[in-house]
Amino acid sequence: MNVLIRPLGIMAIAGAALLSAGAAQAVGSLDLNLGPHAVQFEAQGEVTQGIALGGGVLHSEYRRDATVFHAQLMGVQHGRERDIGIGARWTQYDTDHGKGGGLGLGGYGYVYLPQMPEVSLGGYGFYTPSVVTSRDLDDGYEIGLRARYAFAPNVDGYVGLRQLGADFDRDRGTRTLDRGAQVGVRLRF
């Protein structure tokens, strides 16, 4: 767990910067989730209407140690019926299998249930192909599904499933770095 202190400290500083930037726009979020083998923190804020800048760190001990950082720039749309975003993400892997980073594409999408507007269902996915990677990384991906519930106007709780994997030069095939259920909370401001 000591491995997390430095990455979470960096993300706390980044989160504070996004909070101060997001305060002027009043659109942003802080997200923390826990799984059986992993912890993840993310922060996101709109730099202008419809354009969000964010980042995060995930530390997993699923089979071997893996710490994965990301920074992303996305076009976003929030409404009463849906919450969607699409854009680019730089992902940096520091694992027992290998190290490296790359630029990928992906997004997220959630739909609010009309009969229960506090509930939204959806997921996310990002893929980094080998043509835009560095060091040991050949390619990587992260996918997930979530069911969210708004406990208060600015607080969502959620349950979900996540799978994170990467293929490194010195390994044979894609290694699963994290897989399993997660429980989280997202603060919106």
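The largest cavity holds about 50 Å³ of space in this predicted model. A search of the whole structure finds 3 cavities of 30 Å³ or more. The lining of the largest cavity is formed by Arg89, Thr91, Tyr93, Phe126, Tyr127, Thr128, Gly140, Tyr141, Glu142 and Leu164. At least two of these lining residues come from each of strand 5 (82-95), strand 7 and strand 8. By character, the lining divides into 5 nonpolar, 3 polar and 2 charged residues; tyrosine is counted here as nonpolar and glycine as polar.

Two of the strands that contribute to this lining, strand 7 and strand 8, also frame a loop with a notable backbone conformation. Strand 7 spans 116-128 and strand 8 spans 137-152, and Arg135 lies in the loop between them. Most residues other than glycine have a negative phi. Arg135, although not a glycine, has a positive phi of about 55°. Its relative accessibility is 62%, and Arg135 therefore counts as exposed, the cut-off for that class being over 50%.

The surface also carries a nonpolar patch, formed by Leu32, Leu34, Val185 and Leu187, which together have about 320 Å² of accessible area. Strand 1 (28-34) and strand 10 (174-188) are the elements that give two or more residues to this patch. Within the patch, Leu32 has its place in strand 1. Leu32 counts as partly exposed because its relative accessibility is 38%, a value between the 20% and 50% limits.

Methods. Residues numbered from 1 in each chain as written. Predicted model: local features only at pLDDT ≥ 70, side-chain atom pairs only at ≥ 80, totals over all residues. Heavy atoms only, no water. Helix = DSSP H or I, 4+ residues; strand = E, 2+ residues; numbered from the N terminus. Buried < 20%, exposed > 50% of the residue type's maximum accessible area, 1.4 Å probe, protein only. 1 Å grid on protein atoms, 1.4 Å probe; cavity = no way out; pocket = protein on both sides within 12 Å on 5 of 7 lines; lining within 4 Å. Points joined across faces, edges and corners; volume = space filled by probe spheres on them. Patch = residues over 30% accessible without salt bridge, like charges linked within 9 Å, V, L, I, M, F, W, Y side chains within 5 Å. Areas by Shrake-Rupley, 256 points an atom, 1.4 Å probe, with all protein chains shown as cover. Salt bridge = Lys/Arg side-chain N within 4 Å of Asp/Glu carboxyl O.
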